[in-house]
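Work through the exercises below with the structure in view. Try each task before reading its solution.

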Amino acid sequence: MTAILILGAGPAGAAVALGLRRLGYPVTLVSEWRRFAALEGVSQRVLEALRGTGLHQALADATLPSQRQVNWNAQAHAQNIEFLLDRPTFDSGLRESLRVAGVDVIERRVLSVHSSVDGHRIALDGGQILTADFLVEARGRQAPASGKGLRGPETISLLNRWQGEPGVTASAVESLEDGWAWMARRDDGQCYWQWTVDVASAGLPGKAQLLDHCRARRHASDFAQAFFAGGQESELQLHARSSTAILAPQVCGENWIRVGDAAMAVDPLSGNGIFQSLSSALQAPVVINTLLRKPERAALAQRFHQQRVEQLFLRFARIGRDFYADEQRWCEQPFWQARRQWPDAQMAHAEADFAALRIARMPVLRDGFVDEAEVVVTADQPLGIWHVQGVEVAPVVRRLRDEPADQVLAGLSEEQGRVIRGWLLSQGYRPSP
Ligand SMILES: Cc1cc2nc3c(=O)[nH]c(=O)nc-3n(C[C@H](O)[C@H](O)[C@H](O)COP(=O)(O)OP(=O)(O)OC[C@H]3O[C@@H](n4cnc5c(N)ncnc54)[C@H](O)[C@@H]3O)c2cc1C
């Protein structure tokens, strides 16, 4: 049996491990624990995606619902609910999900990886050597770079954590002249203020003065002062995390794959990091299954993973760019100037145009393998749409070029007909009068 080794037990590594177990593969995973405590904000959609992956244990005690305020471009936006995820609790829950699924977990630091077409040799802290036929790289942002990919403006997030007075759970985002801050407080008084700045222009002092510098900046914000409502600050700690958006140049080979932040790490502004890491991880088991059991489709499987990861990365980069552009007060400041024009000028969402739809053969997932099928390529979905409500849409779009809609949709059930008509309208289709 092929020996599959996963490096990293974050959400991405855990999701791949569970998916591979469902396909019947034995899986070994090596990971150390994250070295700092953090809170991260996630939406209801992320919680649903995590549950859908089978990572129930990870969520059991890890989330707190929070009212979120957004103060951007001097405007206070309507509050919405986000969930505050306690990462140490979440990460322990991921290990528990892995244990329940029968994944062999080795708690060690990976020191080096040597790969060739014949397999991989992994050296662990403590001297142990592991070998594997197939390697899943899921060490997040700590995964060694694999060449020159695409990088956004160099960014760093300074996470300040302290114990304050107990109160009401809440979170907020505020734009600042030279960056932005995400802040959260829990009912037990744990407080977080995460300041994200431009590496080149922030003019940060040395390590010894950084904590005081951050505190002074936080105290200078009326919004943050009101959010934390004064009170005592004890056990103040600082942890710096790189938060540059990074797309790895290659994310899949014949006997390896990169998933999660190791494949593409997004700007934390999107609040979508965990969602993104799951998206690339959820498709990986089928890609791996194809590489191992249908090697004749290796190129197709690699193309599938590569294209999806790139597409996802660019989509979120453009949405982030537009959000940065909404902040108009400091357009000329280096932080905002660099981010309002990266990665390009292409629209995040293109207008629907039925006449511009294309039919093309693209990699798709069919019966546990990557396969090829005719799909409808739209400006918004350049990788194509295969099915809508169980109906293959490429033949429908092709026939609609010469035939009336009633005739083309005649064989569908009432429900399918309703959904397909709705989808066609959303693609700009207008039936002739
Ligand atoms: C500043 C900042 C703020 C963020 N805020 C949010 C947020 O609010 N909401 C959100 O959804 N996302 C947020 N994210 C993103 C989120 O943290 C990541 O996208 C997500 O954790 C990626 O999951 P992953 O499984 O790919 O990697 P990770 O979760 O990073 O997991 C990698 C695992 O590999 C292990 N590992 C690393 N190196 C080694 C080694 N050498 N040997 C053994 N094990 C190793 C690590 O210990 C860890 O367990 C934020 C990111 C940053 C940088």
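**Exercise 1. Sort the residues of the shell around the ligand into nonpolar, polar and charged.**

Solution.
- Step 1: Note that the model is predicted.
- Step 2: Sort by class. The shell holds 11 nonpolar, 15 polar and 7 charged residues.
- Step 3: Take the whole shell. It has 33 residues around the ligand.
- Step 4: Look at the closest ones. They are Gly8, Gly10, Gly140, Gly260 and Gly273. Gly counts as polar here.

**Exercise 2. Find which elements and domains supply the shell around the ligand.**

Solution.
- Step 1: Begin with the helices. Helix H1 (11-22) and helix H7 (273-293) each supply at least two residues of the shell.
- Step 2: Turn to the strands. Strand E2 (27-31) and strand E3 (39-42) also each give at least two.
- Step 3: Move up to domains. Domain 1 (4-62 + 85-148 + 246-307) provides at least three shell residues, and domain 2 (155-242) also provides at least three.

**Exercise 3. Describe how strand E20 and strand E21 pair.**

Solution.
- Step 1: Locate the strands. E20 covers residues 358-366, and E21 covers residues 369-377.
- Step 2: Give the sense. The two strands run antiparallel and pair over 9 bridges.
- Step 3: Pick one bridge. Leu365 has Val370 in E21 as its bridge partner.
- Step 4: Examine the turn. E20 and E21 make a hairpin with 2 residues between them. Asp367 lies in this turn and has a positive phi of about 50 degrees.

**Exercise 4. Decide whether Leu111 is buried or exposed, then list its contacts.**

Solution.
- Step 1: Place the residue. Leu111 sits in strand E7 (residues 110-116).
- Step 2: Count neighbours. Leu111 has 12 other C-beta atoms within 10 Å.
- Step 3: Apply the cut-off. A residue with 12 or fewer is exposed, so Leu111 is exposed.
- Step 4: List the contacts. Leaving out residues up to four places away in sequence, Leu111 touches Ala123, Leu124 and Asp125.
- Step 5: Check one distance. Leu111 and Ala123 are 12 residues apart in sequence, and their C-alpha atoms are 5.5 Å apart.

**Exercise 5. Judge how compact the protein is.**

Solution.
- Step 1: Count the elements. The protein has 12 helices and 23 strands.
- Step 2: Compare radii. The radius of gyration is 24 Å, close to the 22 Å from the globule rule for 433 residues, so the protein is as compact as a globular protein of that length.
- Step 3: Add the box. Along the principal axes, the C-alpha atoms fill roughly 70 × 60 × 40 Å.
- Step 4: Add burial. Of the 433 residues, 37% count as buried.
- Step 5: Finish with contacts. Among contacts between residues at least 6 apart in sequence, 67% join residues at least 24 apart.

Conventions: Residues numbered from 1 in each chain as written. Predicted model: local features only at pLDDT ≥ 70, side-chain atom pairs only at ≥ 80, totals over all residues. Near = placed C-beta within 6 Å. Helix = DSSP H or I, 4+ residues; strand = E, 2+ residues; numbered from the N terminus. Domains from an automatic or database assignment. Pairing = 2+ DSSP bridges. Buried ≥ 20, exposed ≤ 12 C-beta atoms within 10 Å, placed from the backbone. Contact = placed C-beta atoms within 7 Å. Rg over C-alpha atoms; globule rule 2.2 N^0.38 Å.
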